[in-house]
Amino acid sequence: MTAETETHVRLATLRLLNRVVADLNATRDLKDTLQAVVDGVVSGLGFGVAAVNLVRSDADLEVAAVAGNDELRKAMAGQIGSREGWDRILATAEPWGPLRFLGHRSGLADVGDVPSWIPDLPVGDHPEAWHPRDALLAPLHTPEGELVGVLSVDLPVDGLRPAPWRREVLGMFAAQAAIAVDNARLRSEMLRAVARLEREQLALRASEESFRQAFEYAPSGMVMTGVRGHEQGQLLRANDALCRMLGYPAPVLKRLGLGALAHPEDRPLLGGHLGGTVPVAGCTELRLARSDGTYRWVSLRTSQVADGLGDLRFGLTHVEDIEDRKQREQALVHEASHDPLTGLPNGRELRARLAARFGLATGVSGGPVGEPYADEWAVPAGAILSVPEGAVVVVDDPPAIERRGVALLFCDLDGFKHINDNFGHHIGDVVLKAVAERLTAAVREGDTVARLGGDEFVVLADGIGREEAEEMAVRLRRALSVPIPAEGLAVPLEGASFGIGWAEEAAEPEDLLRIADEHMYANKRRRDRAQRRAG
């Protein structure tokens with residue numbers, strides 16, 4: 001597999017993982033969550049079968065969900081293994097990061113009373129071939145360190161032991177799965193408690209003390225909101241879990257209310273959570289302000305509580321902390337859109353940003369078609385402006401104001417191959433990271449510096465004039481003219497070639513990249529000819 005192919009495979013796997021994790025966190029029922037875990041492994045992580053061994057109330061582990069093979073399901077579903085047996089296997093198996101590998105040569109082929117399944121498959125000839133008696137285990141630990149289950153996977157789709165990057169993806173998925181399973185358990189317990197409470201309320205006309213206990217000691221945040229008269233929309237009560245989550249005392253939370261704490265961009269999402277009389281379908285994810293000025297991602301689920309006559313008494317909102325999941329999702333997105341060596345946006349992210357800006361510069365500089373032009377930009381001759389009836393339009397003389405648009409500066413390091421050949425690729429990596437830092441420091445705030453690959457970098461600048469763009473290219477070339485310190489060496493760069501393309505010259509983003517690339521190579525050839533003449 002080539003490096004480019006492996007990169008595409010990794011990106012595709014990360015996208016699948018992102019989708020699988022999103023589906024996993026959308027699941028609410030414990031049974032459905034467990035099935036989503038094993039289905040996600042089979043559909044997105046490159047394994048043929050998977051099983052979840054769930055820790056029961058008596059501490060033993062039961063095979064609670066299976067995916068990928070009917071034979072495995074018939075042989076394993078519902079089987080129970082002792083906690084002692086599982087602890088022995090997890091303690092003695094080979095650690096692969098957070099995973100545990102049970103190899104056929106490890107001497108642990110006899111797993112005792114722990115359920116096992118050996119597929120009827122031939123042994124491959126490849127040195128890294130997966131043996132039918134191999135097994136890969138992912139312990140499912142909550143963030144607090146509690147073991148809630150063990151995810152067992154088998155039959156890699158390529159028939160080989162998983163590569164380190166695929167193990168890392170499985171480890172990331174297992175961490176998310178543990179949180180989802182733990183949350184589903186808590187939800188199931190809470191739903192059972194709420195159902196029991198509702199039955200008691202119908203039978204006993206609502207036991208206030210019983211409800212207070214369930215509310216105050218719920219493991220997640222809970223709020224009561226008024227739905228009638230002057231109390232409608234007011235926060236009547238917040239439990240201790242929510243106070244700890246947001247860092248506010250209960251009286252302060254009651255005075256502020258959820259509406260004041262919601263991020264300005266998320267306030268329209270609150271809707272019926274603020275004392276509405278119509279049930280809110282599903283969950284709402286938004287950010288709430290903490291007392292330290294930061295925002296925390298939460299998931300809101302609201303239901304209406306009625307008395308024995310069916311009259312609404314208040315709204316009950318469950319506030320679940322999902323900050324960790326959001327950060328992991330954002331990390332996955334960042335990893336897929338940024339260069340792992342330099343941390344700069346990669347080619348995929350550059351094209352996305354370029355496409356977002358391209359509509360602002362197609363045709364002419366100054367603004368998109370059909371929108372007024374900014375005061376400081378020249379209005380091109382023949383441009384059609386949308387103005388109120390009767391208004392007077394004053395058009396500046398075009399040469400009087402420099403037109404400003406979207407520029408793309410294509411940068412190629414001269415002689416970078418010699419650095420790798422003479423100093424080694426590890427020094428080359430140090431040089432590339434230093435180049436990224438110098439380019440980033442030399443551009444304007446808001447400009448995008450991206451790495452396309454190898455020694456090719458791109459600067460995307462909008463709202464810039466031609467003279468300013470030329471000056472930027474000179475400034476960037478000077479920033480790269482100073483030798484780069486690397487492991488006690490001063491590594492010189494032979495130079496850098498730049499080419500500038502303008503969005504107004506291109507029909508689409510790829511054209512702009514091509515134009516800037518062509519200009520860069522033309523400048524490189526001119527410099528080479530000049531150096532030969534000078535030599």
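The exercises below work through charge pairs, cysteines, backbone angles and distances in one predicted model.

Residues are numbered from 1 along each chain as its sequence is written, and side-chain values use heavy atoms, with hydrogens and water left out. Because the model is predicted, local features need pLDDT of at least 70 and side-chain atom pairs count only at pLDDT 80 or more, while totals for chains, interfaces and linings use all residues.

**Exercise 1. Find the salt bridge of R185 and say which parts of the chain the pair ties together.**

Step 1. Set the criterion. A salt bridge is a side-chain nitrogen of Lys or Arg within 4 Å of a carboxyl oxygen of Asp or Glu.

Step 2. Find the partner. R185 pairs with E146, and their closest N and O atoms are 3.3 Å apart.

Step 3. Place both residues. R185 lies in helix 5 (residues 164-204), and E146 lies in the loop between strand 6 (135-141) and strand 7 (147-156), so the pair ties together parts that are 39 residues apart in sequence. Helices (H or I, at least four residues) and strands (E, at least two) are DSSP runs, numbered from the N terminus.

Step 4. Check the exposure of E146. The relative accessible area of E146 is 40%, so E146 is partly exposed. The classes are buried (under 20% relative accessible area), exposed (over 50%) and partly exposed (in between), with a 1.4 Å probe and protein chains only.

Step 5. Put the pair in context. The whole structure holds 28 salt bridges.

**Exercise 2. Which residue pairs with R351, and which with R527?**

Step 1. Take R351. E510 is its salt-bridge partner, with the closest N and O atoms 2.5 Å apart. This pair links distant parts of the chain: R351 is in helix 10 (residues 347-358), E510 is in helix 14, and they are 159 residues apart.

Step 2. Read the exposure. R351 has a relative accessible area of 36% and is partly exposed. E510, at 38%, is partly exposed.

Step 3. Take R527. D414 forms a salt bridge with R527, and the closest N and O atoms are 3.0 Å apart. D414 sits in the loop between strand 13 (405-413) and helix 11 (416-423), R527 sits in helix 14, and the two are 113 residues apart.

Step 4. Compare the classes. D414 is buried at 12% relative accessible area, whereas R527 is partly exposed at 25%.

Step 5. Look for shared partners. Salt bridges join E285, R325, K326 and E329 into one network.

**Exercise 3. Name the residues in the patch of positive charge on the surface.**

Step 1. List the members. They are R525, R526, R529, R532 and R533.

Step 2. Apply the patch rule. Members have over 30% relative accessible area and no salt bridge; like charges are joined within 9 Å.

Step 3. Test one member. R529 is in helix 14 (residues 509-534). Its relative accessible area is 38%, so R529 is partly exposed.

**Exercise 4. How many disulfides does a search of the whole structure find?**

Step 1. Define the bond. A disulfide is a pair of cysteine sulfur atoms within 2.5 Å.

Step 2. Count. The search finds 0.

Step 3. Check two cysteines. C283 is partly exposed at 29% relative accessibility. C411 is buried at 2%.

**Exercise 5. Is phi positive or negative in A59 and in E487?**

Step 1. Recall the background. Most residues other than glycine have a negative phi.

Step 2. Read A59. Its phi is near 85°, a positive value. A59 is in the loop between strand 1 (47-55) and strand 2 (61-67). At 29% relative accessibility, A59 is partly exposed.

Step 3. Read E487. Phi is positive here too, at about 55°. E487 is in the loop between strand 16 (484-486) and strand 17 (489-491). With a relative accessible area of 61%, E487 is exposed.

**Exercise 6. Place I500, G293 and Q35, then give a C-alpha separation for each.**

Step 1. I500 is in strand 18 (residues 496-502). I500 is buried, at 11% relative accessible area. The C-alpha atoms of I500 and L513 are separated by 9.3 Å, with their positions 13 residues apart along the chain.

Step 2. G293 is in the loop between strand 10 (284-289) and strand 11 (295-306). G293 is exposed, at 56%. Its C-alpha atom is 9.9 Å from that of L246, 47 residues apart along the chain.

Step 3. Q35 is in helix 2 (residues 30-44). Q35 is partly exposed, at 29%. Q35 and A51 are 16 residues apart along the chain, and their C-alpha atoms are separated by 8.9 Å.

Terms used. Patches are made of residues with over 30% relative accessible area and no salt bridge: like charges are joined within 9 Å, nonpolar side chains (Val, Leu, Ile, Met, Phe, Trp, Tyr) within 5 Å. Accessible areas come from the Shrake-Rupley method with a 1.4 Å probe; for residues, only the protein chains shown count as cover. Lys and Arg count as positive and Asp and Glu as negative; His and the chain ends are not counted. The place of a charge is taken as NZ of Lys, CZ of Arg, CG of Asp or CD of Glu.
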